[in-house]
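Here is a short set of exercises to work through with the model open in your viewer. Try each task before you read its solution.

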Amino acid sequence: GFVGVLDNAGTFTVKRKIASSTLNEKVIGSALSSTNELYLLLETSVTANAADKSIVLAKTTVGTQAISIDWIKEVSNNVYSFLDASIAIDEFDEIYLSATLQLKSDDTTRDSFWVGKFNNTGTSLWSKRYVAPGRDINLAPKTNVDIFNQLNIAYTREDNTTNKLTVNSL
């Protein structure tokens, strides 16, 4: 993936390719802290078409000549893939990541989602899996923190018995 900064005229002032030597990466989100620190959310997999996905949180420093990566924090699990991931930052510059969880064993079962909270150095403050009633959920790929400093998450759920589709939020 790529990350770049544009000026008021729409011209790239600085850009950078994000790549590793062994994984496939895709930049899927970014968030700016109150102190103008840029955080990136990436999806990673062994190949571009691999069903098993992990996510990566990265902190960057944007300069006038280059964008550097300060640190990288991988979030992975042996049982679940992370899909529909999103990033949000609260007023205390704490970072929230969320994702739909899909079982790696069958690559179809999506009965839960995950939320993790990190400080601005990438240290995990907490991490939780939430099971949704029914099954086959998909998080909206955008979460946000409201004026009350609460994380807002929305998802659709298809009941695997009745096939009814509902929208839920937390």
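**Exercise 1. A hairpin and its turn**

Task: In this predicted model, find how many bridges pair strand S3 with strand S4, and in which sense.

Solution. Start with the two strands: S3 covers residues 24–32 and S4 covers residues 38–45. They pair in the antiparallel sense, over 8 bridges. To fix the register, look at asparagine 24, which stands opposite serine 45 in S4. Next, move to the connection, where 5 residues lie between the strands of this hairpin. Here asparagine 36 takes a positive phi near 65 degrees.

**Exercise 2. The order of an open sheet**

Task: Work out the order in which S11, S14 and S15 form their open sheet, and why one side of S11 and of S15 is left without a neighbour.

Solution. Take the pairs one at a time.

- S11 pairs with S14 (residues 154–158) in the antiparallel sense over 3 bridges. Within this pair, leucine 139 has tyrosine 155 as its bridge partner in S14.
- S14 also runs antiparallel to S15, and 5 bridges join them. Threonine 156 faces valine 167 of S15 across this pairing.

Put together, the order is S11-S14-S15. S11 (137–139) and S15 (165–169) are at the edges with a single partner strand each, so one side of each has no neighbour in the sheet. Neighbouring strands here are turned by 20 degrees against each other on average, direction ignored.

Now check the cover on S15: of its 5 residues, the count of buried ones is 0. Finish at the hairpin of S14 and S15, with 6 residues between the strands. Asparagine 163 has a positive phi near 65 degrees in this hairpin.

**Exercise 3. Who builds the core?**

Task: Find which strand gives the most to the largest nonpolar core, and list what leucine 97 touches.

Solution. Begin with the core itself, a set of 18 residues. Ile55, Leu57, Ile87, Ile95, Leu97 and Trp114 have the most contacts inside it. Then assign strands: S4, S5 (54–62), S6 (67–75), S7 (80–89), S8 (95–103) and S9 (112–118) each supply at least two residues of this core. S7 gives the most, with 5 residues.

For leucine 97, leave out residues up to four places away in sequence. The contacts are then Leu41, Ile55, Leu57, Val75, Ser86, Ile87, Trp114, Val115, Gly116 and Phe118.

One last step: Val115 belongs to a second, separate core of 10 residues, which also includes Ala132, Ile137 and Tyr155.

Notes
Residues numbered from 1 in each chain as written. Predicted model: local features only at pLDDT ≥ 70, side-chain atom pairs only at ≥ 80, totals over all residues. Heavy atoms only, no water. Pairing = 2+ DSSP bridges. Helix = DSSP H or I, 4+ residues; strand = E, 2+ residues; numbered from the N terminus. Axes fitted to C-alpha atoms, helices over the stretch in contact; angles between N-to-C directions. Buried < 20%, exposed > 50% of the residue type's maximum accessible area, 1.4 Å probe, protein only. Core = buried A, V, L, I, M, F, W, Y, C linked by side-chain atoms within 4.5 Å. Contact = heavy atoms within 4.5 Å.
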